[in-house]
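Student: I would like a close look at one part of this model, namely domain 1 of the first chain, with its contacts and its surroundings. Please take the time to connect the details as you go.

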2 protein chains.
Amino acid sequence: MPNKLALAAFLCALTLHAAAPTPADLIITHAYLVTMNTSKELIPDGAIIIKSGHILALGPSALAASYTAPRTIDAAGDILMPGMINTHTHAAMTVFRGLGDDVPDRLQRFIFPLEHKFVDREVVYWGSLWGMIEMVQGGVTTMADMYYFEDEVARGAQKIGMRGILGETVLNAPAPDAKEPYGGIAYAAKFIQDFQNDPLITPAFAPHAPYTVDAEHLKIIQHQADTLNVPILMHVAEMPYEVTDIRKQYDKTPIEYLDSLGLLTKRLLAAHCIFVTDSDIALMKARDIGVAHNMESNIKSAKGVAPAVKMFNDRLRIGLGTDGPMSGNTLDIINQLGYVAKVQKLANKDRNVMPAINVVEMATMGGARALHMEDRLGSLEPNKLADLVILDHNATTMTPLYDIYSTLVYAATAQNVRTTIIQGRIVMEDRVIKTVDIAKVQNHMRELSQKISATVTK
Amino acid sequence: MPNKLALAAFLCALTLHAAAPTPADLIITHAYLVTMNTSKELIPDGAIIIKSGHILALGPSALAASYTAPRTIDAAGDILMPGMINTHTHAAMTVFRGLGDDVPDRLQRFIFPLEHKFVDREVVYWGSLWGMIEMVQGGVTTMADMYYFEDEVARGAQKIGMRGILGETVLNAPAPDAKEPYGGIAYAAKFIQDFQNDPLITPAFAPHAPYTVDAEHLKIIQHQADTLNVPILMHVAEMPYEVTDIRKQYDKTPIEYLDSLGLLTKRLLAAHCIFVTDSDIALMKARDIGVAHNMESNIKSAKGVAPAVKMFNDRLRIGLGTDGPMSGNTLDIINQLGYVAKVQKLANKDRNVMPAINVVEMATMGGARALHMEDRLGSLEPNKLADLVILDHNATTMTPLYDIYSTLVYAATAQNVRTTIIQGRIVMEDRVIKTVDIAKVQNHMRELSQKISATVTK
């Protein structure tokens, strides 16, 4: 009798199951799922179920039959993977893209003067929105951004529907949004209050660098960040003169110096980290900081190659970044994949290091870890945020496809991204951005660039 | 009276001119012309007139009124430049793209065995056609290719309508198309006879490398190339063991060794040239050889960075190449531009070297010079062959556009190419290839790759 009861219960469950599929918001079927979960599971004909901005379930395409949703996308064999995470950029600098390339001492000769002259609320809003359009088109779903008027970047991110860890810049000089040195601290504090608890925005402090923010203000920023419970974004160990000056003044490496001030904590996302020693790396690991590796920017400026192979292998929290479009010059993480894989091989004189699978991990889970958001981002797993992208498997360079990681790193391009979904919302579908009028933003960009161009070329 | 006569004649000429514009085949107006001529002239609103496969005239858009043609394209502000020249590839290896990445000793462990097992006429025809589709999509109008069954590559090039300097491979071992060692020489001789005088194809000998073709056979090949008046394509100074073995055996560099055999002549297009000394470079210059610089391939294999800055500055004939898609892994010259600019800066520890304008020159006029075809290719100038490409100026990363060379090198992508014209023929227009059925070729590629995959993964 117990057996018969069990059978009846089982049949009843089956019937119920067939009769009442679980409601969801969006179902995607027949996708090649690149999960980036711990076991790097690949599901060649897979489905993913999205509800309330999260991943509800994923598995073989047959899974879709158990769910119902107002919208189902048949991916028809296209590649579906976690959205790329751009761990370091200055998106608004699209307005300056291509100015002052191939010249020495850009920061002091071009970037700071241009910023003082032109950067205002309008430039930051439209410039960062244009940058976010490029990122969404290139499969980036989250960015860590540092700039001035960062509240305008936040408004742009809300408009397009992109996730951002947004740091308001602080430095020891007047800035476009702060007349007094270190005025950014107060600006940041207000910005953080205005945008805390936003579902897409994580506001943050962005002290520019150890050579532009003094020890006293670094400590103040750390204290305020602790109080407000927000991240700190900073350029670290990027400049040769930063290394020599800190050595001269404190007899420390930049990493040791920051540690001595109490800045090396899990709040810190340190961009670049080109000039770090093995013992620095051990310290960075012990303090659990995040690292943004910006290969294209670092080599275009001839600064050098960060020891990302060691940092990755030593299991630091390391993701990939594009840097700003005046340095990079794009916001294209997919293009960055190939650079990281190839230039690390060159720098390490070993064609086996930084294999493709590790590079894809850095662009997804690595970025999530660098942001200390690996519980919510970076892989296709139930309960994570539904930040994901679909890539065209029919693209010319994607055929043939023997190894998906090799294809993504050595052959895919940003334009192969067809659809970008952020927090369950389709922000781009079949290359059409749904949330902003691109032509309008592009017109604004052209007007701004004509104004800049007229001044610069005089 | 003479004055009146002269006036009448003048008015008559004006009338005739107005009444009878010069006939042409194709007119393109309102293009941003990047001429790459000696003075690097830019014509922001320009027209180009094409007749009988050649450039008849170019200038401001008003020029178009003096010509008539069955077809006029309004470029509407798009960028029009000479077609990219890919000076080194093995296009058919698209069938193996993504196999054996990130592993040591690929040539002996993967490439040669795969080729012995799979390469036949069918693989070469479809594989090279797929590669040429990618190149046309990426704005490459001329390629220098080395492979087996090179007559099949030639047939593919005729089919799609692409220009090729095509070298039949010769080496000291049985090859897919030659049972006996050095059987490639006879194969090449026949291939050269079959395709000489073809408007698109320049057949050539391709001795594989100094370490796979002995001195005796290199001399035989040079003699036959002189007799048949054809180029020689060869891998040179690419492998560390090539350098050490030739040093041990002959106490020479690879370049000195080839010179001692009489191989360093204007017929030679030497691919890679990573391991060349300053005195080698002087010798290469004196002998007027061409060089193919393959940055992405060379660094992905961790071999090193060829001294292309010095070779370019010393005015050698140096162009850019992708290498084969099992090495590169794409056939994308536009992506290569950024690598060359950035990695040379890194290698030379100087952010000023290899400025964008020089990189664009290498991809166009430099390639033409490397092929000794600079009288016909590489720039937009009257009487040159009409090999040109149109790029989308509305692409996201192309806005703003302050400096066209910077934009092309640091921001443009292959997908920004809208239209590719080779010898006056529109091979691709608005991303649609006009001459071959892409889906059919892609299906063949997938069938071939499934066959290969089933064997490799066993």
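Student: Before we go into the part itself, what pLDDT does chain A average, and what share of the residues score at least 70?

Tutor: This is a predicted model, and chain A averages a pLDDT of 95, with 95% of the residues scoring at least 70. For the model as a whole, the scores are ipTM 0.94 and pTM 0.95.

Chain A is divided into domain 1, made of residues 2-82 + 388-433, and domain 2, which covers 84-370. Between the C-alpha centres of domain 1 of chain A and domain 2 of chain A the separation is 32 Å, and the contact between them takes 20 residues from domain 1 of chain A and 25 residues from domain 2 of chain A. On the side of domain 1 of chain A that touches domain 2 of chain A, at least two residues each are supplied by helix H14 (404-410), strand E17 (417-422) and strand E18 (425-429) of chain A. H14(A) provides the largest share of that side, five residues, and by class the side has 14 nonpolar, four polar and two charged residues.

Several individual residues of chain A deserve attention, beginning with Asp25(A), which is found in the loop between strand E1 (22-23) and strand E2 (26-34) of chain A. Asp25(A) counts as partly exposed because it has 18 C-beta neighbours inside 10 Å, a count that falls between the limits of 12 or fewer for exposed and 20 or more for buried. Leaving aside neighbours within four places in sequence, Asp25(A) is in contact with Ile50(A), Lys51(A), Ser52(A), Ala69(A) and Gly424(A). One of these contacts, with Gly424(A), links positions that are 399 residues apart in sequence, yet the two C-alpha atoms are 8.0 Å apart in space.

The loop between E17 and E18 of chain A is also the place of Gln423(A), which has a positive phi of about 50 degrees although it is not a glycine. Gln423(A) is partly exposed because 19 other C-beta atoms lie within 10 Å. A positive phi of about 50 degrees is found at Lys40(A) too, again a residue that is not a glycine, and Lys40(A) lies in the loop between E2 and strand E3 (42-51) of chain A. With 15 C-beta neighbours inside 10 Å, Lys40(A) therefore counts as partly exposed. As background, most residues other than glycine have a negative phi, and most peptide bonds are trans.

The backbone of chain A also holds a cis peptide bond, from Thr399(A) to Pro400(A), with omega near -5 degrees. Pro400(A) has its place in the loop between strand E16 (388-391) and H14 of chain A. In chain B, the peptide bond from Gly328(B) to Asn329(B) is cis as well, with omega near 0 degrees, and Asn329(B) is found in the loop between strand E15 (317-320) and helix H12 (333-347) of chain B.

Moving outward to the partner chain, the contact between the chains takes 46 residues from chain A and 46 residues from chain B. At least two residues each of the side of chain A that touches chain B come from helix H3 (121-137), helix H10 (295-300), helix H12 (333-348), H14 and helix H15 (438-456) of chain A. H14 of chain A thus appears on this side and also on the side of domain 1 of chain A that touches domain 2 of chain A. H15(A) gives the most to the side of chain A that touches chain B, with five residues, and the residues of that side divide into 17 nonpolar, 16 polar and 13 charged.

Finally, the interior can be considered. The largest nonpolar core has 320 residues, and those with the most contacts inside it are Ile48(A), Leu80(A), Val340(A), Ile48(B), Leu80(B) and Val340(B). Leu80(B), not counting residues up to four places away in sequence, touches Ile28(B), Ala31(B), Tyr32(B), Leu33(B), Ile48(B), Ala75(B), Leu388(B) and Ile390(B). In chain B, strand E10 (residues 163-170) is mostly covered, with eight of its eight residues buried, and six bridges join it in parallel to strand E9 (residues 140-147) of chain B. Within this pairing, Met143(B) has Gly164(B) of E10(B) as its bridge partner.

Definitions and conventions. Residues numbered from 1 in each chain as written. Chains lettered and ligands numbered in written order. Predicted model: local features only at pLDDT ≥ 70, side-chain atom pairs only at ≥ 80, totals over all residues. Core = buried A, V, L, I, M, F, W, Y, C linked by C-beta atoms within 7 Å. Contact = placed C-beta atoms within 7 Å. pLDDT = per-residue confidence, 0-100. Domains from an automatic or database assignment. Helix = DSSP H or I, 4+ residues; strand = E, 2+ residues; numbered from the N terminus. Nonpolar A, V, L, I, M, F, W, Y, C, P; charged D, E, K, R; others polar. Pairing = 2+ DSSP bridges.
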